[in-house]
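Please examine the sequence and the structure shown below. The paragraphs that follow lead through the arrangement of the chain and its packing.

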Amino acid sequence: GVVRVDGVDVSAADVAAHLGTDRRRVYPLVRHEADELVQALVRQQSRIRVQLDVLLDAADDAARDAAVAALEPLLDAHVEDEERRLFPVIERRLPN
């Protein structure tokens with residue numbers, strides 16, 4: 001399935017890969033200084049993964065359209081939180 005994130009079409013597989021990379025590589029780097037934020041992002045990811053499964057299991061076009069409609073706002077909110085809240089934490093960790 002394909003969903004639109006910030007105006008860009010991405011595959012469900014790409015979304016799942018991105019979420020996995022965040023959990024394995026990004027979140028551990030900032031967890032000690034932004035644990036509450038990381039926990040919130042992980043909860044968002046869990047909701048996104050549920051909707052990804054719904055999308056991938058959709059039996060017809062109507063079910064797929066409904067799954068995409070439910071997934072897109074979750075992804076948009078997650079991306080916005082990462083950009084507004086997570087990226088500044090990461091940037092503070094980078095050398096000047």
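In this predicted model, helices α1 and α2 approach until their axes come within 11 Å, and they cross at roughly 165 degrees. Angles over 145 degrees count as roughly antiparallel, and α1 and α2 are therefore roughly antiparallel to each other. The crossing in which α1 passes α2 is left-handed. On the α1 side, the residues that meet α2 are Ala 12, Val 15, Ala 16, Leu 19, Gly 20, Asp 22, Arg 23, Tyr 27 and Val 30. Their counterparts in α2 include Val 38, Leu 41, Ile 48, Arg 49, Leu 52 and Leu 55.

The next pair of helices is α2 and α3. Their axes lie 9 Å apart, and the helices pack at an angle of about 160 degrees. By the criterion of over 145 degrees, α2 and α3 are therefore also roughly antiparallel to each other. Their crossing is left-handed.

The remaining pair is α1 and α3. Here the axes come within 12 Å and cross at roughly 30 degrees. Angles under 35 degrees count as roughly parallel, and α1 and α3 are therefore roughly parallel to each other. In this pair, too, α1 passes α3 in a left-handed crossing. The α1 residues that take part are Val 15, His 18, Leu 19, Asp 22, Val 26, Tyr 27, Leu 29 and Val 30. They meet Leu 75, His 78, Glu 82, Leu 86, Val 89, Ile 90 and Arg 93 in α3. Val 15 of α1 thus meets α3, and Val 15 also belongs to the set that meets α2.

These helices belong to a protein with three helices and two strands. Along the sequence, the elements follow the pattern β-β-α-α-α. The C-alpha atoms fill a box of roughly 50 × 20 × 15 Å, taken along the principal axes. The protein has 96 residues, of which 32% count as buried. Among contacts with a separation of 6 or more, 65% are accounted for by residues 24 or more positions apart.

The two strands come before the helices in this pattern. Strand β1, residues 2-5, runs antiparallel to strand β2, residues 8-11, and four bridges join them. Within this pairing, Val 2 stands opposite Ser 11 of β2. The side chains of β1 alternate: Val 3 and Val 5 point to one face and are buried, whereas Val 2 and Arg 4 point to the other face and are not buried.

Which residues have the most contacts inside the largest nonpolar core? They are Val 3, Val 15, Ile 48, Leu 52, Leu 55, Leu 71 and Leu 75, in a core of 13 residues. The elements that give two or more residues to this core are β1, α1 (12-30), α2 (35-57) and α3 (61-93). The largest share, five residues, comes from α3. A second, separate core has eight residues, among them Val 30, Ala 34, Leu 41 and Val 89.

Two residues with many contacts inside the largest core, Leu 71 and Leu 75, show how its parts are joined. Leaving aside residues up to four places away in sequence, Leu 75 touches Val 3, Val 5, Val 15 and Ile 48. Leu 71 is found in helix α3. With a relative accessible area of 0%, Leu 71 is buried, since buried means under 20%. Beyond its neighbours within four places in sequence, Leu 71 is in contact with Val 3, Ile 48, Gln 51, Leu 52 and Leu 55. Val 3 and Ile 48 therefore appear among the contacts of Leu 71 and among those of Leu 75. Leu 71 and Asp 57 are 14 residues apart in sequence, and their C-alpha atoms are 13 Å apart in space.

Is Arg 85, another residue to inspect, buried or partly exposed? Arg 85 lies in helix α3. Its relative accessibility is 38%, so Arg 85 counts as partly exposed, a class that falls between the cut-offs of 20% and 50%. Apart from its neighbours within four places in sequence, Arg 85 is in contact with Leu 37 and Glu 80. The C-alpha atoms of Arg 85 and Val 38 are separated by 9.9 Å, although these residues are 47 residues apart along the chain.

Key:
Residues numbered from 1 in each chain as written. Predicted model: local features only at pLDDT ≥ 70, side-chain atom pairs only at ≥ 80, totals over all residues. Heavy atoms only, no water. Buried < 20%, exposed > 50% of the residue type's maximum accessible area, 1.4 Å probe, protein only. Pairing = 2+ DSSP bridges. Core = buried A, V, L, I, M, F, W, Y, C linked by side-chain atoms within 4.5 Å. Contact = heavy atoms within 4.5 Å. Axes fitted to C-alpha atoms, helices over the stretch in contact; angles between N-to-C directions. Parallel < 35°, antiparallel > 145°, perpendicular 65-115°, else oblique. Left-handed = near helix turned anticlockwise from the far one by under 90°.
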